[in-house]
Amino acid sequence: MGGAMSFSKWVFVVFVLHLLNPCPVRFSYGSSSSNGLSDIPKKLLNFAKRQELVGWMIGIRRKIHQNPELGYQEFETSQLIRSELDKMGIKYKHSVAVTGVVGFIGTGEPPFVALRADMDSLPLQEMVEWEYKSKIPGKMHACGHDGHVTMLLGAAKILQEHREELKGTVVLVFQPAEEGGGGAHKVLEAGVLEKVNAIFGLHVDPNLPIGEVASRPGPLLAGSGFFEAVIGGKGGHAAIPQHSIDPILAASNVIVSLQHLVSREADPLDSQVVTVAKFQGGGAFNVIPDSVLIGGTFRAFSKESFTQLKQRIEEVIIGQAAVQRCSATVDFLSKEKPFFPPTINNNDLHKYFQTVAGDMLDTQKVKVMAPVMGSEDFSFYQEVMPGYFFFLGMKNETLGKVESIHSPYFTLNEDALPYGAALHASLALRYLLEFGPKISLPEGNYRDEL
């Protein structure tokens, strides 16, 4: 009886220690095992929902939200990311594309699978009054990038806890300047992703219920570009227009003609957009100005349509201005705002994503969506490697309406953070297990990561 009592006490002590220091879940990958590949996503979601991990992610997200930084200026955000990676013992390269950070978890050897989060904010004044409102006047995380960074850091913590399960290397890409700056292109130019076999990225969606995801194979988001044009005439008094050459009238005709490019020149089954969103000219009621500036954006789902649209925009602006006896110069701003290619999801990765997300959330919560005319510089990665981009739901009807992204009233539902972290981690871990053995590996020593 005394020996049995001692054994019971010993078991109790071990149980208490286990509760105080929970160990990461270990997986068995045999196809016949109940702990096989299909169990990984749900187990990682349960791991991500642990109170201490959720609390940590919320704290990180709020720190980033209070200190928004524009593209290529994310110095403090970058420092915060590096500090957290240091605490986790994760190696990284920094000052990638000015402020970017690229971390590595796993063996340091191929195969390599990448996860990407964008870091930059928008030049908006936050209008939401709450304790963690932006402290920087005129700058706001109005697109959820603070949440994206947080979810990737959450995934890093999950993956680092399960690093012994990784059969290759997960590459963490904290990318600057997605909002028009083409930060993804600069990350690629830095050469840190040359041997990556696949890359995944996500974006929060205020219109999709929490616990759901949506994407599609093939074209998902449009390619985009911007343009500005200066239309020059001859100023004068509005009462004697015959002595002037009116650039406002010329610009008005240009804008109307630009709308015909889509309605009369584009295939109705080939979605395109031309929008003039800027018109600046004149400062008095009775004075015809010397010049007018107009500007806007154009979008298409194929490179051919995009190139054709760009050419015709320039021809129409110059030609219509000439009809009104005006001159015109057109600038596509490609240095400040590089053209974004269409976001085109890899078909095989779409099937893989549906499987992983379905195992985590149930298949009815994995939606196939229609293409959207918005754009994403994640498309640059997809031009050089298989890539997959998806949307993460965060709408909760009980919390009221969530404003759309790029609104000064936008709010992020922090309940979505564990879902994003777990999806990132599941997609990476399971990719290495499922596809790693099928990837032919070139000879060489990769211990220095890529």
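## Helix and sheet packing in a predicted model

Helices H4 and H5 run roughly parallel to each other, because their packing angle of about 10° falls under the 35 degrees that bounds this class. The model described here is predicted.

**The helix pair.** Two packed helices are described by the angle between their axes and the distance between the axes. For H4 (residues 75–88) and H5 (residues 145–161), the axes lie 11 Å apart. The H4 side of the contact consists of Leu-80, Ile-81, Glu-84, Leu-85 and Met-88, which meet Val-149, Leu-153, Ala-156, Lys-157 and Gln-160 of H5. Sorted by class, this contact between H4 and H5 holds seven nonpolar, one polar and two charged residues.

**The eight-stranded sheet.** Eight strands form an open sheet with mixed pairing, in the order S1-S2-S4-S3-S5-S16-S6-S15. Strand S1 (91–96) and strand S15 (366–368) occupy the edges with a single partner strand each, so one side of each has no neighbour in the sheet. On average, neighbouring strands of this sheet are turned by 25° against each other, direction ignored. Within the sheet, S3 (residues 112–118) and S5 (residues 198–209) run parallel and are joined by four bridges. Leu-115 has Phe-200 in S5 as its bridge partner. Helix H5 also packs on this sheet, where H5 touches strand S2 (100–106), S3, strand S4 (169–175), S5 and strand S16 (387–395). The direction of H5 makes about 150° with that of S3.

**The four-stranded sheet.** A further open sheet has four strands in the order S10-S12-S8-S13, with antiparallel pairing. Its edge strands, S10 (272–280) and S13 (327–331), each pair on one side only. The twist from one strand to the next averages 20°. Strands S10 and S12 (residues 291–300) run antiparallel and are joined by eight bridges. In S12, Arg-299 is the bridge partner of Val-273. Helix H7 (residues 247–265) packs on this sheet and touches strand S8 (223–232), S10 and S12. The direction of H7 makes about 165° with that of S10.

The strand pairs with listed bridges are set out below.

| Strand pair | Direction | Bridges |
|---|---|---|
| S3 (residues 112–118) and S5 (residues 198–209) | parallel | four bridges |
| S10 and S12 (residues 291–300) | antiparallel | eight bridges |

In general, strands of a sheet pair through backbone hydrogen bonds, either parallel or antiparallel.

How values were computed
Residues are numbered from 1 along each chain as its sequence is written. This is a predicted model: local features need pLDDT of at least 70, side-chain atom pairs count only at pLDDT 80 or more; totals for chains, interfaces and linings use all residues. Side-chain values use heavy atoms; hydrogens and water are left out. Axes are lines fitted to C-alpha atoms, for helices over the stretch in contact, and angles run from 0 to 180 degrees between N-to-C directions. Helices (H or I, at least four residues) and strands (E, at least two) are DSSP runs, numbered from the N terminus. Angles under 35 degrees count as roughly parallel, over 145 as roughly antiparallel, 65 to 115 as roughly perpendicular and the rest as oblique. Contact means heavy atoms within 4.5 Å. Ala, Val, Leu, Ile, Met, Phe, Trp, Tyr, Cys and Pro count as nonpolar, Asp, Glu, Lys and Arg as charged, and the others, Gly among them, as polar. Two strands pair if DSSP finds at least two bridges between them.
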